[in-house]
Structures are given as C-alpha cells and as structure tokens.
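User: Please take a close look at the disulfides in this model. I would like the pairing, the geometry and the surroundings of each bonded cysteine, and a word on any cysteine left out.

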Amino acid sequence: MSNQTVVPPGGQFTLPSKSNDPLLVFRCAPVFRPYLEEDAKNASFVVDTRIVYDWINGASPISLSSNISSASQCSGNVSVTIEVGGVRTTYDVPLNATGYEVPLDISRLKAQQTPYNVSCSALYSPSLLKPQHYSTNTTLLYLPDSNNSVTKTDLRTGSLWARPVNSPGGPFQPFVPQGFYISFNPYLVQNLSYIDQLKAEGIIHPVPPYNNTAVFEQVLNKTVELGLYIIFDMRSYYQNLTAVAELVNTYKSLPNLLTWETAHEPDGNSDPFDAAKQAYDLIYQLDGYHPVGIVLNCEDYNFTPYVEGADIVLEDTYPIGINATYSLVWHTPCTPDFGHCGCDDCKGGLIDIQARIQTYKDRLDILGYDRTKTVWTTPQAVGDGAYWTTIPTGAQWAAIGLISFNHGATGSMSYQFPTTSGNSTTIEGTASILTNVITEYVQPYLVRPQVTQTIYSYEAVDASVWYDGTSYLVIVANVNGTETIVPWASIGLGKVTNVTAQVQEHFSVGQPFNDTGFESTPSGVGIYTVTL
C-alpha cells in the first residue's frame, strides 16, 4: 500500500574484495554429472588453475616467477593430483588454465547412489621459489547404467546431454534446451492439442498443480508419443518432502524426463532458505539421473542460500512493458528497497536481461559454483495486463533469449504458452523460425568446450562472438533502443571486407549489414556466421 513503511529487505550479495597480489583459484570437477558405468574407462575431470585478483571462493595467494607481471604472462605448470576411492592420477596442468581435462579411469569404483568424495591437490614449484601447495574437493556421481531416461550435465560448458526420447539405447547428444511453460490448468487439462503445437520446441514444461490425474497421465503419454522432453515442476509441493518423495519415485522412470524443477521464485515469496536444498538432497537420494532447477525472481535477495538447492538457476526477468519506477498494481513507487513493478530492480528494457544473466553468472563464479551450476533464461512471453502494458514483439522475445546466450545462459524456457500468434512479428511466429535456427547454428558453438567466446558492448549493442577454429558465430542485439552503426572491427571481426563471401545471415530483424558493419536499429537482433 502507498502508506506502508519501507523496511530494507536485506540479503544482499557480498562482492569479493580486491587483491593487489595474484591469487590462484584451483578448482576441479568431473566432466559429466552423472557418469554411468558405460562411461567409466573414459571418465575425465576438468581442472581450472586461474590467476585472479579478487578474493573469490577458493582463491589463495600465489608467488609467481619474478619475470611474470600479469596473469596473461603466466607460464609453467602445476602438478595436479586427483584421487577418488583409491583411484589416483597426477597430471601437469598449465598455470592459469581454464577447462583443462585430466583423464581418470574410474572402472575400479563401484557404481552407487551416494556420490564419491574427490580430493584434488596442486603443487606449483617455480624456479627460485619455494613449492606452493593447494587443495580443493569435489564429488563424483557414478551411477549404474539405466534403461530409463538419463540427463547428464557437461560441467565444461553447462550444457545437457540426453538420449532421444524414444531411443533409450541411442547415443547421448548435447543440446541447448528450448521450450515453453504451459499451465496444466486451464490449458492442458482442457486441450491436449497444445502439446502438438509445442512439438517443434522439443521440450514442454507443464505448470502445476496437476489436479486431474487422469488427464495428467494423458499429457505424459502424448509427450512421449511426440518425442518431447518434459520438465517436471514441483513448485506446489517442494516444501512437503513426503510429497516430493512420492512424486520422484512415481515419475523418475519417465522415458522423457529431462529435469526436475522445485522452487519457483522462492526469493520473491520469502520461502525458507533451506527448503530448496532439502528437496534437492532428497531428489538426489531417490534419483540422481536428472538435474534439478529453481527459478529466482529477485535481482539481489539471498541469492546464496537459494542456489544451494539447484544445478540449474533460472531467472525470470520480465522488463518489457513495465513502469520501472511506479507500480501500476500497488500504486506505490518502486525502489531497490520497496515496491513491486513486475521486474525487480529493472530499468524497463533489454538491458535488464543482459545485467541479470551476467550478474547471476558472476555470482556463481564468486561462490565457486561456476562448474557445478549453470544459468537458464526465462524469456518474457506474457504482458498486456497487471504490471505490463504490452507483450513483447517477436523480435524483443528473440532478443531476450539471444542476449541471454551471449552472457552464458545454456537453456531457455519462455513463460508462457499460448502467447501471441500469427505472422513472424509475433512470439509464436518467431519461435517457429528461431528454434530451428538456434538448434542448427547456435547450439554447436554453445555445447563444445573447445569453442572460445568474447563478449562485446558497443554503444547500444550487446554482441558475442564464438570461434570454433574455423568460423565465427555472431549474435548481435540492440539493448537500449538507439540506432547504432557497429563496425566489424568493434566486435573483433575487422578482417570482414566482403560480406557476400564471408557473412551468412541466419536470423535477422532490423539489422542490415554491409562490408563496413551492422546498422542496428532500435529493434535490431540477429544471428550470423562469419569466415575470415
């Protein structure tokens, strides 16, 4: 209410202090979670030996050779030893390496539901300096082979690997999940044909409560029939561990189960801090073959305790059509400490997507979760009511997802279906085109650990460039509605001189280009591949 007393909510994330001297961040994790018995002889761990100047989790002082003045000049090796269940290996890993893989045959271990504790140690012995010792711990989830659905997480990239829904013996393949939330009631319970409409997306996320068991079984059967992965949402039940156990035991063998989702906006609802973690631990005790996600709503409210209960952290920032300073619902101002304007601490544009995804990614790194937790986006597909005066256009909806990929998101689940439909300017019209483009042209760059990425911010434009050793993937989106000329050199592609021969456009709205660069209009967004 307008006369309500302002009480600062607290719970703000604490940023690390700076260090004048170099610090080593030594981290290790299994390449996949889980590993199966069939993977045992080819198992590996991913090791990071980064030099940083912030006191993030696990950072320790390191004395570098006198001829090294910055992290970019680091040379030499770190002797890394990994030990789990009596199985041990030692490898030389370059100093300041990211994503270095160390093979470890784990076939001598017994596959089991309980994760193995893993110890990782590092020895850095530069000439003329005393040996320096470092250590860290991780866990290895090594499970028996299964004929049911299994979803692995690639901890090198954050991408998911799964078998085709109707081919349990088929090979695991990496992919970028794309789909829509859809309410079980009133939509699916009344009309199963919505599932047919979502087939092209590849994933469906029914929103509970699932209060008609007979129809819910029909939903599940139809998704299997159509080869759709399903995300099982327990938002209505996750604080009741008895209900969680019953649901997990009933549905963990679904042939198309991709992930579990527990808490939905626990921060916005001020749910108990440990509720998601308790559900998470129970799900892993009973299953372990599928990752667990949560959805966070707030920009900065108790991020740390809530993310402990998830492998996948989704953000649902809906900035299109809001009044960022005054609540149209509650008739109060909106400030960082007070008010609800439909998008927490937002400015009211695509810049909010850029900021939220990058902030969540940075926080996970600060906490030491950069390998073990990943971020997904929830593009806004709602509006025209309550806090929002309009629904995003097709181009705006596309830009939300693509900007998210630019800043490290590894999956996209839009809220919600059905949404605007018709021609290619609507969300459904755009989705019918963009989903296939992302699968064919974007996904191969996002799921391969060998690919390098560079993020650029040029005036009104957010851009990211991936390089696989042969060609470049380029995603460019206008984030503040100002027409901007983007020279190729401003995004690291100054060698583009003949776009006819060097640039291939895969998806573009309001973003023409020529031999000198892009003309990004206020609604500009596009996906391109470039060869130099």
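Analyst: In this predicted model, cysteine 343 and cysteine 346 are joined by a disulfide, with 2.0 Å between their sulfur atoms. The torsion about this S-S bond is -55°, which makes the link of cysteine 343 and cysteine 346 left-handed. Both cysteine 343 and cysteine 346 are buried.

This bond is one of three disulfides in the structure. Another joins cysteine 334 to cysteine 341, with an S to S distance of 1.9 Å. The link of cysteine 334 and cysteine 341 is right-handed, with 100° about the S-S bond. Cysteine 334 has a relative accessible area of 15% and is buried. The value for cysteine 341 is 5% relative accessibility, so cysteine 341 counts as buried too. The cut-off behind these calls is a relative accessible area under 20%.

The remaining disulfide is that of cysteine 28 and cysteine 120, where the S to S distance is 1.8 Å. The link of cysteine 28 and cysteine 120 is right-handed, at 80° about the S-S bond. Cysteine 28 belongs to strand S1 (residues 18-30) and cysteine 120 to strand S9 (residues 116-124), so this disulfide ties together parts that are 92 residues apart in sequence. As for exposure, cysteine 28 has 8% relative accessibility and counts as buried. Cysteine 120, at 2% relative accessibility, also counts as buried.

The pairing can be written compactly. With the bonded cysteines of the protein chain numbered in sequence order, it reads 1-2, 3-4, 5-6. In residue numbers, the pairs are cysteine 28 with cysteine 120, cysteine 334 with cysteine 341, and cysteine 343 with cysteine 346.

That leaves cysteine 298. Its closest cysteine sulfur is in cysteine 346, and the sulfur of cysteine 298 lies 11 Å from it, which is too far for a bond. The limit applied to a pair of cysteine sulfur atoms is 2.5 Å. Cysteine 346 is itself bonded to cysteine 343. Cysteine 298 is buried, with a relative accessible area of 12%.

Methods:
Residues numbered from 1 in each chain as written. Predicted model: local features only at pLDDT ≥ 70, side-chain atom pairs only at ≥ 80, totals over all residues. Heavy atoms only, no water. Helix = DSSP H or I, 4+ residues; strand = E, 2+ residues; numbered from the N terminus. Buried < 20%, exposed > 50% of the residue type's maximum accessible area, 1.4 Å probe, protein only.
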